[in-house]
Amino acid sequence: MTQIIESFNPILIFVGIVILIGLITSSILIRKRLEASDSHLHDVQAALDESSIVAITDPKGIITYVNDKFVEISKYEEYELLGKNHHILNSGYHPPEFFRQLWKTIGSGEIWKGEIRNKAKDGSFYWVETTIVPFLNKKNKPYQYVSIRTDISALKTAEANLKNSLKEVNDIKFALDQSSIIAFTDEKGIITNVNERFCEISQYSREELIGQNHSLLNSNLHSKEFFKNLWKTIGSGEVWKGEIRNKAKDGSYYWVHTTIVPFMNANGKPYQYLAIRNDITERKKTEEVLHRQDKLAAVGQLAAGVAHEIRNPLTTMKGYTEFLQLDETNEERQEFLSIILDEIDRVNNIVEDFMVLAKPKAAELEERDIIPIIKNVISFLEFEARKRDVKIRFEYEGDIIQIECDENRLKQVFLNFIKNGIEAMPDGGYITVRAAIINNQVQIAIQDTGVGIPQEKLKNIGEPFFTTKKNGNGLGLMVSFKIIESHNGKVFIESELNKGTTFNIVLPARSA
Ligand code: ADP
Ligand code: MG
């Protein structure tokens, strides 16, 4: 014992005391720190509880803790959740592989993050952005999982809506692109984008179009007022709709039904225009003729009856008038009788026109070369043309243009068209007749440099008795259309006010 006591060296005792004091203070410090970190933890947990949906499960996924937010969103009571497996909330949306991956991750001690759709007690779904943190024991095995979630249902719905509307927009864009001729211009009308169909119909490439003013395609048919009105409409933010004739690169014309939609900026000023167009060239070519045909049918029948009734008395009247004229010595009376004869001639012409209408088909179609027929008509009208300072030119391709026709009736057609041309040029001008075989069709154009036909009058052209002339009868065109029709042909008109008119006749060529 004394030995032992002796062995207590004072230095050792001192060291022992120092260590003891050190131990005590450090333990106090550690406890303080622990308390502090405890309160930190408390704060963090409170914050989490406020902001997030928190749950703790055991390693098998059995729920051991849920916070209020979890209860709220899942619509279960707390007691209904505790002790249950977490997949009670499974919505069946994700494939098994999804959860296998999740469990593999957290099972190996790693944090898993992802978006999950869960099912609430009432069967409704909610989306949560989920973070699962595994807590590991000494053997590095998870002994619990803490999951922290935030509700992203609203986000998901918005995302789905956005996707849907994006898809819709894309579908509409695709449909438009396929069906229509599309162009974007800036506020000045400079083309900024066009689709494939725009290039096709205009015959320009995209490179040639972009950066150009849209008026590049102007065909000079429409008046300044027309475009002024268009720009006024779209400039004030309204949609403009109408039919426009445009000019393609090769100079040919095409008609488009056009809708122009202005896009407005925050100041209520248009910053770009979207033009959606559809090709109506075919319709434009045929509508005049179609429009006429209903009327022609009705008038034709009426004409047949009337013409027969009038013809005989007319012949009688003419005969007696000529007879009276023979021994009339009074000059004034002679003059009157001449006027009566002139008028009888006029009525006779009308009747003859009617007779043409009455017969549904041209009497006999024979093979003829159309070139001498046209030359013949031109030489017949040469005198009258010269009187009015009109020059008639005839241009044709090839030596002969063979056609199945009723020669006399066809002559009447050319006569009507050329005469109308002469009458449309009170101050003189040019008539150009062109004939050619194009695409196995005989195409004859009769072009004048006259007054033109106003757009709004085009629909009246060819109507019975539509005339703007003092001495006109308004039958010439109708009769001509009828004759062309009976030759299985078509007529279409192009006219520009104060520039001139072209009547295009298309007839089937005699197949070789
Ligand atoms: P008419 O010559 O007796 O008036 P038409 O049937 O031949 O009857 O012509 C009907 C109308 O069509 C004319 O009055 C004229 O207004 C218009 N028209 C026809 N051809 C032309 C043309 N080449 N240029 C301008 N207007 C024309
Ligand atoms: Mg006429």
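Me: In which loop is Asn 220 found?

Reply: Residues are numbered from 1 along each chain as its sequence is written, while chains are lettered from A and ligands numbered from 1 in the order in which they are written. This is a predicted model, where local features need pLDDT of at least 70, side-chain atom pairs count only at pLDDT 80 or more, and totals for chains, interfaces and linings use all residues; side-chain values use heavy atoms, with hydrogens and water left out. Helices (H or I, at least four residues) and strands (E, at least two) are DSSP runs, numbered from the N terminus. Asn 220 sits in the loop between helix H8 (206–209) and H9.

Me: What is the phi of Asn 220?

Reply: Most residues other than glycine have a negative phi. Asn 220 is not a glycine, yet its phi is positive, near 65 degrees.

Me: What relative accessible area does Asn 220 have?

Reply: Buried means under 20% relative accessible area, exposed over 50%, and partly exposed in between (1.4 Å probe, protein chains only). Asn 220 counts as partly exposed, so its value falls in the middle class, at 46%.

Me: Which residue in the loop between H12 and S12 has a positive phi of about 65 degrees?

Reply: The residue is not a glycine. It is exposed, because its relative accessibility is 52%. The residue in this loop is Asp 389.

Me: In what order do the strands of the open antiparallel sheet run?

Reply: Two strands pair if DSSP finds at least two bridges between them. Strand S7 (191–194) and strand S8 (240–247) each have a single partner, so they stand at the edges. The twist averages 30 degrees from one strand to the next; angles run from 0 to 180 degrees between N-to-C directions, with axes fitted to C-alpha atoms, for helices over the stretch in contact. The five strands follow the order S7-S6-S10-S9-S8.

Me: Which residue of S10 is the bridge partner of Asp 186?

Reply: Strand S6 (residues 181–186) runs antiparallel to S10, with six bridges joining them. S10 also pairs with strand S9 (residues 253–264) over nine bridges, in the antiparallel sense. There, Phe 263 has Gln 272 as its bridge partner. The partner of Asp 186 is likewise Gln 272.

Me: How many of the 10 residues of S10 are buried?

Reply: Helix H9 (residues 224–235) packs on the sheet and touches S8, S9 and S10 (contact means heavy atoms within 4.5 Å). S10 is mostly covered. Its count of buried residues is seven.

Me: Which strands stand at the edges of the mixed sheet?

Reply: This open sheet has five strands in the order S12-S14-S15-S17-S16. Neighbouring strands are turned by 15 degrees against each other on average, direction ignored. Two strands have a single partner each, so one side of each lacks a neighbour: S12 (390–396) and S16 (490–496).

Me: Which residue stands opposite Ile 444 in S17?

Reply: Strand S15 (residues 441–448) and strand S17 (residues 500–508) pair over seven antiparallel bridges. Opposite Ile 444 stands Ile 505.

Me: Which helix gives the largest share of the largest nonpolar core?

Reply: A nonpolar core is a set of buried Ala, Val, Leu, Ile, Met, Phe, Trp, Tyr and Cys residues joined through side-chain atoms within 4.5 Å. This one has 42 residues, and Phe 414, Ile 418 and Ile 444 touch the most other members. The contacts of Ile 418 include Val 377, Ile 378 and Leu 381. Eight core residues come from H12.

Me: At what angle do H13 and H14 cross?

Reply: The helices are H13 (residues 407–423) and H14 (residues 476–486), with axes that come within 9 Å. Contact residues include Phe 417 of H13 and Phe 481 of H14. The crossing angle is roughly 140 degrees.

Me: What relative accessible area does Met 425 have?

Reply: Met 425 lies in the loop between H13 and S14. It touches residues including Arg 388, Tyr 430 and Asp 448. The residue is buried, with a value of 2%.

Terms used. Lists of a residue's contacts leave out its neighbours within four places in sequence.
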